Amino acid sequence: MQGCNFQLSSSRSPWLEPRMSSVGFQVAMHSGYFLGGSGLCRLKCRVQCSQLWQSTSLVNNQKEKDRYSCIDQPTSYLHVQSLRNFPTQKLCGEVVMVRLDSAVLLGHLGPCTFSLERALLTIKYLYKARAKVIIVTSWDTTLHSNNPEVKSIDSFAEYLSSILQVEVIPVDGGLGLTSFKKEKWVQNSIILFENLLNFRGEVANCNDFSQKLASGATIFVNDSFSLSHKILASTVGITRFCYASLAGFHFDEELTRLIKITDTTRRPYIAIVGGGNFLRKAPALRMLISLCDGLFFVGKLSFQIMKGLGMPVPSQFIERNAIMEALQIIEVARDRNVPIYYPTDLWCLNNDNCGTSGVINSAGQLDGWTPADIGPSTLEKISSIIPLYKKILWIGSTKYDLAEEFSVGATQLGQILEKASFDSCEVILVGSAACNTLRRKTGSSSQCIEFKNATVVWEFLKGRILPGIAALDKRYPYRIPWSTVFCDSTLPLVVDIGSGNGLFLFEMAKRYECSNFLGLEMNGKLVIRCLQGMALYEKRNLYFVSTNATSTFHSIVSSYPGRLSLVTIQCPNPDFNKEQNRWRMVRRMLVEAVADLLQTNGQVYLQSDVESVLLGMKEQFLSYGNGQLVVDGGDCGHRMENPFGVASDWERHVLARGAPMYRTMLRKV
């Protein structure tokens, strides 16, 4: 028996020659941390592995518990699997459904622009990879009534064909490949499904509708970032029925830009915040006041801040129940020594003389006037402080009403920020009001980062999980420093998927020290305990990661310097109440990743106290292992003995009550 390869000659043979270790180490994992003494909350997750540490006092020190906080924090859902990192060879011949953003497609009717070309990159990439592409999207025929391209699905398919230079075949009157005659699906064509606005199940995120929509598709690619804040069948529900759910190129790029909003590496950082509805935006404003080094309020929001600062503001401009929220934001700003700015003057309309306008001091008498936009003095103030900052966020309109003719202030503000962007300042524009102020010549490039859909950004800043992002498969956001984690990172690696309380791996690491052991577990609290236990037992061949191994296995294990010799999956929880979740741990993506990374003659150990669960896992591995996995030692039933001499916690419980355990071992050929 070659111990390093975990090849078992007998179920009773010792697995490896036991060898004990006396060296321990400490692991610290930080997320949602605060900077300095200012309480600056940052929406980031980091992993840090410290130097070797001989003391075990950390386990008994409750104050140090936060040092073990895990990756699965509220913002971990932002790290998603993207089409960019998906193996190209696995796209060939697969039916891939792409959710496109019609706002991007129809916003550039006419010659193909750079922005439109970028939005179509996902389709062209899949087509080149010889995938069978299905497009699903929605378009408002009333909103685009002047455009003949959207009058019907046939005209919309012709429009897509012209900009893609590929034949797009419309499927009218139904969804799913069941309504499509496959003989029409010639090799060089793309399918366009019916307008999703025609189906009630889309907005309701109906499970049956989602399943019908996904019928025949194996991979889902979301390229409609502007709908991330909505729960739709075509962005959320469909992911339950595809083995891989990925972010398209446009989606991935927009997500990267979104994360930049909370990135404070470039300082000082100021936010220019406009619009109205202070009460609804209060959670986002609290986030901004904790992130930024300055806030400049414009639009109707500024009146609430001015009132909170004790300035005279006419009652008709005060938002009901918003004063307490404004006072809280002012208090945080004072605690952090963050300046808050507001307009010094306003363009106003005279209520008595229709059409008469003038510039009024914002601290003066506003009765009889209707504010329209920020005034010249305010613009001078903004222009004078902008050079002090290296990062600027503009979100929300500067206007106080809907009069388009009084948008001079916004236009000039756009010019100020565009100039700043060319002076090595990072400028982020959010919302159509901000983005439309940049009047550039055709073909000129802007240094500004633009988000036309402000709702997604507001929801993100409020700390809410965006459903369209959360539904996609996750990736592990960091590269594990293996040389720090393990004493010898070239030793064979054993991975236990769903490691639970870690007792199985702790015992294995004690007995078999010529291998390294990695536990992957979704329950972050259990991982915290395991990491604390590592300091107590002082092991250097054992490590735990809080993650969903189904989608992150490949990104984590592929960077390991040594060989993957054994993968174990023991007693996954069978959720029989939900059929779609029964085999949620063992999915095609996980099986393919294991089969790809496992060394030749490496093994997969499957175990469960429910025979049907074991049979389901075994079937998945044999079906999606690409012919690389076979039953080790022949298929002699599922009542083999435990080959390691180490039982998991649940296994002990099952055997103690006299119930059987079902096991099988697979091997890579």
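**Strand pairing and helix packing**

Biologist: Over how many bridges do strand 6 (residues 132-136) and strand 8 (residues 189-192) pair?

Modeller: This is a predicted model, numbered from 1 along each chain, in which local features need pLDDT of at least 70, side-chain atom pairs count only at pLDDT 80 or more, and totals for chains, interfaces and linings use all residues. Side-chain values use heavy atoms, with hydrogens and water left out. Strands (E, at least two residues) and helices (H or I, at least four) are DSSP runs numbered from the N terminus, and two strands pair if DSSP finds at least two bridges between them. Strands 6 and 8 pair in the parallel sense, and the count is 2 bridges.

Biologist: Which residue in strand 8 stands opposite Ile 134?

Modeller: Strand 8 covers residues 189-192. The residue opposite Ile 134 is Ile 191.

Biologist: Which are the edge strands of the open sheet with the order 7-8-6-5-9-10?

Modeller: The sheet has 6 strands with parallel pairing. Its neighbouring strands are turned by 25° against each other on average, direction ignored; the angles are taken between N-to-C directions and run from 0 to 180 degrees, with axes fitted to C-alpha atoms, for helices over the stretch in contact. Each edge strand pairs on one side only, and these are strand 7 (167-170) and strand 10 (244-247).

Biologist: In the open sheet ordered 13-12-11-17-18-19, what is the bridge partner of Ile 392 in strand 18?

Modeller: That sheet also has 6 strands and parallel pairing. Strand 17 (residues 391-395) and strand 18 (residues 426-430) pair over 5 bridges. In strand 18, the partner of Ile 392 is Val 427.

Biologist: What angle does the direction of helix 12 (residues 408-421) make with that of strand 17?

Modeller: Helix 12 packs on the sheet, touching strand 11 (269-273), strand 17 and strand 18 (contact is heavy atoms within 4.5 Å). With the direction of strand 17, helix 12 makes about 155°.

Biologist: Is helix 19 roughly parallel or roughly antiparallel to helix 20?

Modeller: The axes of helix 19 (residues 549-557) and helix 20 (residues 588-597) come within 8 Å and cross at roughly 25°. Angles under 35 degrees count as roughly parallel, over 145 as roughly antiparallel, 65 to 115 as roughly perpendicular and the rest as oblique. Helix 19 is therefore roughly parallel to helix 20.

Biologist: Which residues of helix 20 meet helix 19?

Modeller: From helix 19, the residues taking part are Ala 549, Thr 550, Ser 551, Phe 553, His 554 and Val 557. In helix 20, they meet Met 589, Leu 590, Ala 593, Val 594 and Leu 597.
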